[in-house]
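Below are some notes on the model you sent, set out as numbered points. They are meant to be read with the structure open.

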Amino acid sequence: MASYFDEHNCEPLENGEQPNHLLDLARLLLDSGIGAEFELEFERIFGHVDGRKQPPAAKHIIENLPSINNFKSDEKCSICLKEFELNSTTELPCHHKFCKNCIIQWLNLVNSCPMCRIELPTDDKDYEQYKKQKERTKTRQLELDDLHNSMFS
Ligand SMILES: [Zn+2]
Ligand SMILES: [Zn+2]
């Protein structure tokens, strides 16, 4: 199987060098005319909503992406807009499908689906902790809302 770098005709970067894939990807998406949907996502990532930058998805998730072949013949990858090919297509838990190459590149930067933003587990302990905390705050807010509703309705 040809590697990502072979197919894209570019040199792998040296260790330690920081490529700005996200910006490249952003430009690519904006140029390809499906920017609006993605712009929000980039704003969220670059804008560090909640003061947190999203970490990449956990390595074991990226390494164990399933191969799927149950796509329609005209279904396209939302990242590169090419039709899916056998044995190089995968699906996230949210059932959004992507070329493996595309989504691997994406998940190495950010742990959420580019289409629906569902978050995948990360290897970042701090971030996981933060996510749990956020979840707890949300639950508490819901409980308060319930309480409020039951008292005033
Ligand atoms: Zn693709
Ligand atoms: Zn999704």
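1. A residue is called buried here when its relative accessible area is under 20%, exposed when that area is over 50%, and partly exposed in between. By that criterion, buried residues make up 29% of the 153 residues in the protein. This is a predicted model. Its accessible surface comes to about 10600 Å², and carbon and sulfur atoms hold 52% of that area.

2. On the overall layout: the secondary structure amounts to 6 helices and 2 strands. Along the sequence they follow the order α-α-α-α-β-β-α-α. Of the contacts in the protein with a separation of 6 or more, 49% are between residues 24 or more positions apart.

3. The zinc ion (ligand 1) has an all-sulfur set of listed donors: Cys 77 (SG), Cys 80 (SG), Cys 99 (SG) and Cys 102 (SG), at 2.2 to 2.3 Å. The arrangement is tetrahedral because the 4 donor atoms subtend angles of 101 to 117°, and the criterion asks that all angles lie between 85 and 135 degrees. The spacing of these donors along the chain is C-x2-C-x18-C-x2-C. Distant parts of the chain are linked here: Cys 77 belongs to the loop between H4 and S1, whereas Cys 99 is in strand S2, 22 residues apart. Cys 77 counts as buried because its relative accessibility is 1%. Cys 99 is also buried, at 14%.

4. The zinc ion (ligand 2) takes its protein donors from Cys 94 (SG), His 96 (ND1), Cys 113 (SG) and Cys 116 (SG), which lie 2.0 to 2.3 Å from it. What makes the arrangement around this ion tetrahedral? The 4 donor atoms subtend angles of 105 to 111°, and the site is therefore classed as tetrahedral. In sequence, the donor residues are spaced C-x1-H-x16-C-x2-C. The pair Cys 94 and Cys 116 again links distant parts of the chain, 22 residues apart: Cys 94 is in the loop between strand S1 (89-91) and strand S2 (97-99), and Cys 116 is in the loop between helix H5 (100-107) and helix H6 (125-152).

5. Burial of the donors at the zinc ion (ligand 2) deserves a separate remark. Cys 113 is buried, with a relative accessible area of 0%. Cys 94 is buried as well, with 18%, a value to be read against the cut-off of under 20%. Cys 116 is partly exposed, since its relative accessible area is 31%.

6. Cysteine pairing can be dealt with briefly. How many disulfides does the structure hold? The count is 0. A disulfide is a covalent bond between the sulfur atoms of two cysteines. The cysteines named in points 3 and 4 appear as zinc donors, among them Cys 80 (SG) for ligand 1 and Cys 113 (SG) for ligand 2.

7. The largest nonpolar core has 21 residues, and those with the most contacts inside it are Cys 77, Ile 79, Leu 92, Phe 98, Ile 103 and Leu 107. Helix H4 (59-63), S2 and H5 each give two or more residues to this core. H5 gives the most, with 4 residues. Cys 77 thus appears both in this list and among the donors of the zinc ion (ligand 1). For Ile 103, with neighbours within four places in sequence left aside, the contacts are Leu 65, Ile 79, Thr 90, Leu 92, Phe 98 and Pro 114.

8. Two backbone angles should be checked by eye. Most residues other than glycine have a negative phi. Leu 81 has a positive phi, near 65°; this residue lies in the loop between H4 and S1 and is partly exposed, at 36% relative accessibility. Arg 117 has a positive phi near 70°, is placed in the loop between H5 and H6, and is partly exposed, with a relative accessible area of 30%.

9. A last point concerns Val 110, which also lies in the loop between H5 and H6. Is Val 110 buried or exposed? Val 110 is buried, because its relative accessible area is 1%. From C-alpha to C-alpha, Val 110 and Leu 120 are 9.0 Å apart in space, while in sequence they are 10 residues apart.

Key. Residues are numbered from 1 along each chain as its sequence is written. Chains are lettered from A and ligands numbered from 1 in the order in which they are written. This is a predicted model: local features need pLDDT of at least 70, side-chain atom pairs count only at pLDDT 80 or more; totals for chains, interfaces and linings use all residues. Side-chain values use heavy atoms; hydrogens and water are left out. Donors are N, O and S atoms within 2.8 Å of the metal (3.2 Å for Na, K and Ca); water is not among the atoms, so sites may look incomplete. Four donors count as tetrahedral if all angles lie between 85 and 135 degrees; four count as square planar and six as octahedral if opposite donors are over 155 degrees apart and all others between 65 and 115; anything else is irregular. Buried means under 20% relative accessible area, exposed over 50%, partly exposed in between (1.4 Å probe, protein chains only). Contact means heavy atoms within 4.5 Å. Accessible areas come from the Shrake-Rupley method with a 1.4 Å probe; for residues, only the protein chains shown count as cover. A disulfide is a pair of cysteine sulfur atoms within 2.5 Å. A nonpolar core is a set of buried Ala, Val, Leu, Ile, Met, Phe, Trp, Tyr and Cys residues joined through side-chain atoms within 4.5 Å.
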